[in-house]
Amino acid sequence: MRIFAISDLHVDYEPNREWVQQLSRADYVDDMLILAGDISHKQPLLEECLLALTSRFAQVLFVPGNHDLWVLDEPPGTDSITKFNRLAKTVSDCGAFMEPIRRGELLVVPLLGWYDYSFGMPGKELNSGWTDFRACRWPAGFTMDDVAAYFDRLNAPVSTEGASKLITVSHFLPRIDLIPSYVHERFRVLDPVLGSTRIEERLRRLKPSIHVYGHSHINRSVWIDGIRYVNNAFGNPRESRITSKQLLCIEEIELP
C-alpha cells in the first residue's frame, strides 16, 4: 500500500477542480491519501471533491483547514464551530476519515488545531488583511487562543501500541522553522497565523516518523530531530514555483 499526501487543493479554482476529477480511477485503489486541509468553504465543492477522492483511494484521511471553516455562504448566526461539526458529518458521509486509521502496523493520526499566535503577534497589516478574521466566526468572547485550545481538546488520546510506522497530520504548521530561510521578510507578516506550538507538543508525544502539514503553500520535505516534516500543497493556479501540482508518495508498506 502506498501512502500519498497532498494539501490545499482549493477546488474553488476550476483548474484545481479539474485536476481532482481527472485522477486515475485505477491507479490508487489499494492506496491511502492523506489530505491536509483546505478543500473549499463551499459545501457542494467540498462534497464533490471528497467523493471523487474516496472513489479513487482505498482510504482518505482529512484534516480540515481554515478555508474549510469559512462561513461566508452560511446563514447569519452560523459560527465556524457549528460548521466544523457539520463538516465532520459530511466527511464521514463521503466515506473519508477524520479519526486515526490503523492498517496493520501503520497508524495515521490526525491532529486538529488552529493558530494561537505562539509564532508571534499579528500586526496592523495582518489584522486588516487576513481573510480568516472576517470569514470565520467564533462564539462570543473567543480569542484565537480559545479557538486553538478548543480544537486541541478534540484530539482524543491514541494508543500507539503495536504501531511500527506512525504518521501524524495537521493542516497548520507545528513549528515556525518549517518556513524556509529564503522566504522574503515581507511575507513573514503571516507568521502569527501559520500554526501553533500545541501541534508540535502533541506530535512529539506520539513520536511519528513522518508529520504531514499544509497551509503555507510551500512544498518541503525536511528532517528535524528525527521526524520528517512534509508539505505537498497544490495551491492556487498561479503558484507554480513553490507547489508541485501532483500527488506525493511519502511511504510504501507491506500489508499482511
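So, is T243 buried or exposed? Hold that thought for a second, and keep in mind that what's on the screen is a predicted model. Okay, the answer: T243 has a relative accessibility of 6%, so it counts as buried, the cut-off for that being under 20%. And it's a loop residue, sitting between β9 (227-231) and β10 (248-252).

Who does T243 touch? If you skip the neighbours within four places in sequence, the contacts of T243 are H217, N219, A233, F234 and G235. For a sense of distance, take A135, which is 108 residues away from T243 along the chain. Their C-alpha atoms are 25 Å apart.

Let me zoom out to the whole protein. We've got seven helices and 10 strands here. The C-alpha trace runs to about 55 × 40 × 35 Å along its principal axes. The radius of gyration is 17 Å, and for 256 residues you'd expect a compact globule to come out near 18 Å, so the two agree. Of those 256 residues, 55% are buried. On contacts: take those with a separation of 6 or more, and 76% of them are between residues 24 or more positions apart.

Quick word on the surface and the charges. The accessible surface is about 11600 Å², and carbon and sulfur atoms own 51% of that. There are 28 positive side chains and 34 negative ones, with the centres of the two sets 2 Å apart.

Now for the aromatics, which I'd like to spend a moment on. The structure has 13 aromatic pairs. One of them is W138 with F151, an edge-to-face pair with 6.1 Å between centres and 80° between planes. W138 is in the loop between α5 (132-135) and α6 (144-153), while F151 is in helix α6 itself, so this pair ties together parts that are 13 residues apart in sequence. Both W138 and F151 are buried. F151 also pairs with Y150, again edge-to-face, at 5.3 Å centre to centre and 85° between the planes.

How buried is F151, then? Its relative accessibility is 2%, which is why it counts as buried.

And those three residues belong to something with more members. W138, Y150 and F151 are part of one aromatic cluster that also includes F84, W114, Y115, W130 and F172. If you've got the structure open, have a look at that cluster, and then go back to T243 in its loop between β9 and β10.

Definitions and conventions:
Residues are numbered from 1 along each chain as its sequence is written. This is a predicted model: local features need pLDDT of at least 70, side-chain atom pairs count only at pLDDT 80 or more; totals for chains, interfaces and linings use all residues. Side-chain values use heavy atoms; hydrogens and water are left out. Helices (H or I, at least four residues) and strands (E, at least two) are DSSP runs, numbered from the N terminus. The radius of gyration is taken over C-alpha atoms; the globule rule is 2.2 Å times the number of residues to the power 0.38. Buried means under 20% relative accessible area, exposed over 50%, partly exposed in between (1.4 Å probe, protein chains only). Contact means heavy atoms within 4.5 Å. Accessible areas come from the Shrake-Rupley method with a 1.4 Å probe; for residues, only the protein chains shown count as cover. Lys and Arg count as positive and Asp and Glu as negative; His and the chain ends are not counted. The place of a charge is taken as NZ of Lys, CZ of Arg, CG of Asp or CD of Glu. Rings of Phe, Tyr and Trp (its six-membered ring) pair if their centres lie within 6.5 Å; planes under 30 degrees apart count as stacked, over 60 as edge-to-face and the rest as tilted.
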